[in-house]
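Subject: Structure for you to look at

Hello,

Here is the structure I said I would pass on. Please open it and keep it beside you while you read the notes below.

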Amino acid sequence: MTEDVVLDIQNLRTHFVTDDAVVRAVDGVDLTVRRGRTLCVVGESGCGKSAMARSILRLVEPPGRVVGGRILLYPPADTTDTEPTDLASLHPTGKEIRSVRGRDVAMIFQEPMSSLSLVHTVGDQVGESLRVHTGISRRRAREYAVELLERVRVPGAERVVDSYPFQLSGGMRQRVMIAMALSCGPRVLIADEPTTALDVTTQAQILDLLADLRRDSGMGLLFITHDMGVVAEIADEVAVMYLGIVVEQGPVDEIFHDPQHPYTKALLEAVPRFGASEHDRLTTIRGTVPAPGTELPGCVFHPRCPEAVEGLCDTTTPKVTVPGPGREVRCLLREGTTDREESTDAR
Ligand SMILES: Nc1ncnc2c1ncn2[C@@H]1O[C@H](COP(=O)(O)OP(=O)(O)O)[C@@H](O)[C@H]1O
Ligand SMILES: [Mg+2]
């Protein structure tokens, strides 16, 4: 394991078991987050992105459960300790995972109000995590909250610190959430569609902010989005997720210039082009994500795939093919185009 790896997810499986179906929301995902780098996980709604993200912090709610795999969190680079902690093996409500949450791994969501309290000031909430983890005084926590708000470029931080979330705009609330997430200096920040609810200008500002914070702090950023346009702005590496599995991953430039999986190509074609007219602006991907719990033989994408070959793609499960250094694709049409298949040390 190279030393810049901070989070290594191996064969993660998270299932929702209900009376009439087993929804395999995450069904064998491998991802690596590196220090100071941004890994974007991209895919349409319902592909299991949030279930994957919530699994890391063990926040999946019943009937969902992490049923397999490993989530290895590596210690900080400056410690002598090199043994990772397997978050998948921890009790989801136990003391160990609670000490990881917020301190080592922090998370921000699409809707800040779902994680902000209505009845506490911004300062109390931003300072709260630090008080819990380090026991500093209220007064010191407030000072620190002001510093953090300045760091996430909240104008008038001295005033905002004593206000309540409902008094702020959506963009400012998202900055407050980011300040909260950063308060304990996490090694990994998970951002689950944090800009989806924002207008484009605010979205661009938040993406810039996250990129700067990631660079300055050296934390690893796991950024989730359904939008390839956002991926282009922020990613170093990209993992394309469809129906619980990663169908393609690799460096952002290669994914954009030489996509290998038909699903990746379709996502790229669906990105609105700057200056394009209204009617040719969006090519939508044919069909929709199958209903949760649908059992599909063969490749999970074959019913929607423009390149699908009858008798092959509907019967055979694709293996991982390595089309180049740091790249992986799961597509039957790419198998045999390389003899470096299923090479585990290529990652
Ligand atoms: N509480 C739940 N009960 C049953 N199924 C769920 C639950 N939460 C999510 N799922 C299912 O898990 C799959 C993945 O959902 P999710 O992780 O939210 O996708 P994404 O974030 O990519 O939109 C979906 O099919 C969804 O219906
Ligand atoms: Mg989601």
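Which residues in α6 are buried? They are Met 172, Arg 173, Gln 174, Arg 175, Val 176, Met 177, Ile 178, Ala 179, Met 180, Ala 181 and Leu 182. Before going further, note that this is a predicted model.

Helix α6

The count for α6 is 11 buried residues out of 13, so the helix is mostly covered. The cover over these buried residues includes β6 (105-108), α3 (122-134), α4 (138-151), β7 (188-192) and α7. The length of α6 can be checked too. Helix α6 takes in residues 170-182, and at 1.5 Å a residue these 13 residues should span 18 Å. The end C-alpha atoms are 18 Å apart, which agrees.

The whole chain

The protein chain contains 10 helices and 11 strands. Its C-alpha atoms fill a box of roughly 70 × 50 × 45 Å, taken along the principal axes. For 347 residues, a compact globule would have a radius of gyration near 20 Å, and the protein chain has 21 Å, which agrees. Buried residues account for 42% of the 347 residues. If you take the contacts between residues at least 6 apart in sequence, 60% of them join residues at least 24 apart.

Two domains

The chain is divided into domain 1 (5-104 + 187-277) and domain 2 (114-185). Their C-alpha centres lie 25 Å apart. Where they meet, 12 residues of domain 1 are in contact with 12 residues of domain 2. On the domain 1 side, helix α7 (residues 200-217) gives the most, with 6 residues. By class, that side of domain 1 has 7 nonpolar, 4 polar and 1 charged residues.

Ligand 1 and helix α1

What surrounds ligand 1? There are 14 residues around ligand 1, and Ala 25, Lys 49, Ser 50, Ala 51 and Pro 292 come nearest. The elements that give two or more residues to this shell are β2 (22-34) and α1 (49-56). Helix α1 gives the most, with 3 residues. Sorted by class, the shell has 7 nonpolar, 6 polar and 1 charged residues.

Helix α1 deserves a second look. It has 8 residues and 8 of them are buried, so α1 is largely enclosed by the rest of the structure. The buried residues of α1 are Lys 49, Ser 50, Ala 51, Met 52, Ala 53, Arg 54, Ser 55 and Ile 56. Lys 49, Ser 50 and Ala 51 are also among the residues that come nearest to ligand 1. After α1 comes Arg 58, whose phi is positive, near 60 degrees.

One residue: Leu 39

The last item is a single residue, Leu 39, in strand β3 (residues 38-42). Why is Leu 39 called buried? A residue counts as buried if 20 or more other C-beta atoms lie within 10 Å of its own. Leu 39 has 22 other C-beta atoms within 10 Å, so it is buried.

Which residues is Leu 39 in contact with, leaving aside its neighbours within four places in sequence? They are Leu 31, Val 33, Leu 222, Glu 237 and Ala 239. Asp 236 shows how the chain brings distant parts of the sequence together: Leu 39 and Asp 236 are 197 residues apart in sequence, but 6.0 Å apart in space, C-alpha to C-alpha.

Regards

Note on methods:
Residues are numbered from 1 along each chain as its sequence is written. Chains are lettered from A and ligands numbered from 1 in the order in which they are written. This is a predicted model: local features need pLDDT of at least 70, side-chain atom pairs count only at pLDDT 80 or more; totals for chains, interfaces and linings use all residues. Domain bounds come from an automatic or database domain assignment. Two residues are in contact if their C-beta atoms, placed from the backbone, lie within 7 Å. Helices (H or I, at least four residues) and strands (E, at least two) are DSSP runs, numbered from the N terminus. Ala, Val, Leu, Ile, Met, Phe, Trp, Tyr, Cys and Pro count as nonpolar, Asp, Glu, Lys and Arg as charged, and the others, Gly among them, as polar. The radius of gyration is taken over C-alpha atoms; the globule rule is 2.2 Å times the number of residues to the power 0.38. A residue is buried if 20 or more other C-beta atoms lie within 10 Å of its own, exposed if 12 or fewer, and partly exposed in between; C-beta atoms are placed from the backbone. A residue is near a molecule or strand if its C-beta atom, placed from the backbone, lies within 6 Å of it. The expected span of a helix is 1.5 Å times one less than its number of residues.
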